[in-house]
Amino acid sequence: MADRRVVLPIEGMSCGACAVTVQRRLADIKSVTNVNVNFATGKAILMLRDGNGVVAELVKAVRSAGYDCVKSSAVLHIADLHYASGVTRLEEQLNSMTGVLRASANQATETVSVEYVPGVVSAREIETATTDLGWLLPEPVAEENAVEREQLRRELETKQLGVKLLVAGAIAVISMIASLPLLGSVTAKTGDPFGRVMGVIDGPLRSIAPALYTSDPFSLRIFLLVVTTVVVVWPGAQFYKAAWRGVVHGTADMNTLIAIGTGAAFMYSVVATFLPSIFTTAGLPADVYFEAVSWIIAFVLLGRLLEARAKAQASLAIRRLIALRPLKAREDTQRQSDGWNRQFAWFVCV
């Protein structure tokens, strides 16, 4: 039996290391003869010896690496399903199809719900398998447009990243301003590039908002803790979740670095806020770095946003190219029909 080519959409990859991790997990499956995971397209292209039952194993392998496969669902409306007795055979047949993850029939509503992996099996193939068993579908199953689905997913991702970047960026600016009265020791270090930048901002801010410099330092730290927690819990949550999945499955990627860096700065600042004596007794300054956490998350989100926009534009370009395809079958059919019409008209005239 010839190997079958399967395209598996992967979600959750954020860097090339993620693609390498997924590729290694998929390559360990015996039925996989060749695999190539592309981070840019978010897809895994595989060659399989046996298609039946292997896709579920592929999905399990991807999830074991800390990622997931893009899934789609379809609802088949079947005539007279309420009175049928062979529904179990229909479910077994659909569940045995390569790419179908779950098929469940509901005789009360006369529908069959199917969850499948696009790129491995299509809604049209599921419909054909159903009609081949003798079932009647009053209306065809809507065929999904893979490129359009990808475009919508990219647009939603871009919009979500844009909102998260706006929140993280705004809080980062506010945190930087609120941190200036606490950074006297830092700004005094003329050899520190960060201190030089903050020193330039410090002078004008003292004249614009003098009340800020007379505020209680502990209250400022509590304020910074609250607003930074907002950034960590929402805009930055995706990095910590991905890093935790990596820890559970024994993998590491860029999300791990982001989580460790920002998490260490956040926890250090929390300890310095409530237990500063731990550092002062050791002769160390109990400085806080809440603004650094917000800035790092904001900058990484900016990179993700630019990446998502580039991918969305690439998907849009593909859609436009597909729309330019000539409909040769229709053109040839129309040309043949016109030829027969001319021959028939000539015959009538004769």
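Two strands count as paired if DSSP finds at least two bridges between them. The exercises below apply to a predicted model.

**Exercise 1. Determine how strand S1 is paired, and which residue of S4 stands opposite Ile10.**

Solution.
1. Strand S4 covers residues 68–69, and two bridges join S1 to S4. The two strands run antiparallel.
2. Within this pair, Ile10 stands opposite Cys69 in S4.
3. Strand S1 (residues 4–11) also pairs with strand S3 (residues 43–48), in the antiparallel sense and over six bridges. Here Val7 stands opposite Ile45 in S3.

**Exercise 2. Establish how the buried residues of helix H2 are arranged around its axis, and what covers them.**

Solution.
1. Helix H2 spans residues 54–64, and its buried residues are Val54, Val55, Leu58, Val59, Ala61 and Val62.
2. Viewed down the axis of H2, these residues fall within an arc of 160°, so they line one face of the helix.
3. The general rule behind such a pattern is that an α-helix has 3.6 residues a turn, so residues three or four places apart point the same way.
4. The cover over the buried residues of H2 includes S1, helix H1 (16–27), strand S2 (32–38), S3, S4 and strand S6 (100–106).
5. Just after H2, Gly66 adopts a positive phi of about 100°.

**Exercise 3. Carry out the analysis for helix H4, and describe strand S5, which is part of its cover.**

Solution.
1. In helix H4 (residues 123–132), the buried residues are Ala123, Ile126, Glu127, Ala129 and Thr130.
2. They cover an arc of only 160° around the axis, which puts them on the same side of H4.
3. The elements covering the buried residues of H4 include S5, helix H3 (87–95), S6 and S7.
4. Strand S5 (residues 72–77) has a covered face formed by Ser72, Ala74 and Leu76, while its uncovered face holds Ser73, Val75 and His77.
5. S5 pairs with strand S7 (residues 111–116) in the antiparallel sense over six bridges, and Ser73 stands opposite Glu115 in S7.
6. Just after H4, Gly134 takes a positive phi of about 100°.

**Exercise 4. Classify Thr228 as buried or exposed, and identify its surroundings.**

Solution.
1. Thr228 is found in helix H9 (residues 217–233).
2. Its relative accessible area is 0%. The cut-off for a buried residue is under 20%, so Thr228 is buried.
3. A polar atom of the Thr228 side chain lies 2.6 Å from the backbone oxygen of Leu224.
4. Beyond its neighbours within four places in sequence, Thr228 is in contact with Ser175, Phe266, Phe290, Val293 and Ser294.
5. Two of these partners recur in the largest nonpolar core, which has 36 residues: Phe266, Phe290 and Leu301 have the most contacts inside it.

**Exercise 5. State which helix supplies the largest share of this core.**

Solution.
1. Helices H5 (146–179), H7 (193–208), H8 (210–213), H9, H11 (254–274) and H13 (290–323) each supply at least two residues of the core.
2. The largest share, eight residues, comes from H13.
3. Apart from this core lies another, of 27 residues, among them Leu8, Leu26, Val37 and Ala61.

**Exercise 6. Decide where the model is given the lowest confidence.**

Solution.
1. The mean pLDDT of the protein chain is 81, and 82% of its residues reach 70 or more.
2. Confidence is highest in H9, at 96, and lowest in helix H14 (residues 328–349), at a mean of 49.
3. Over residues 343–350 pLDDT stays under 50, and the model has zero contacts for them beyond four places in sequence.

Key:
Residues numbered from 1 in each chain as written. Predicted model: local features only at pLDDT ≥ 70, side-chain atom pairs only at ≥ 80, totals over all residues. Heavy atoms only, no water. Helix = DSSP H or I, 4+ residues; strand = E, 2+ residues; numbered from the N terminus. Buried < 20%, exposed > 50% of the residue type's maximum accessible area, 1.4 Å probe, protein only. Polar contact = N/O pair within 3.5 Å; in protein donor to acceptor, adjacent residues only side chain to side chain. Contact = heavy atoms within 4.5 Å. pLDDT = per-residue confidence, 0-100. Core = buried A, V, L, I, M, F, W, Y, C linked by side-chain atoms within 4.5 Å. Arc of directions from axis to C-beta.
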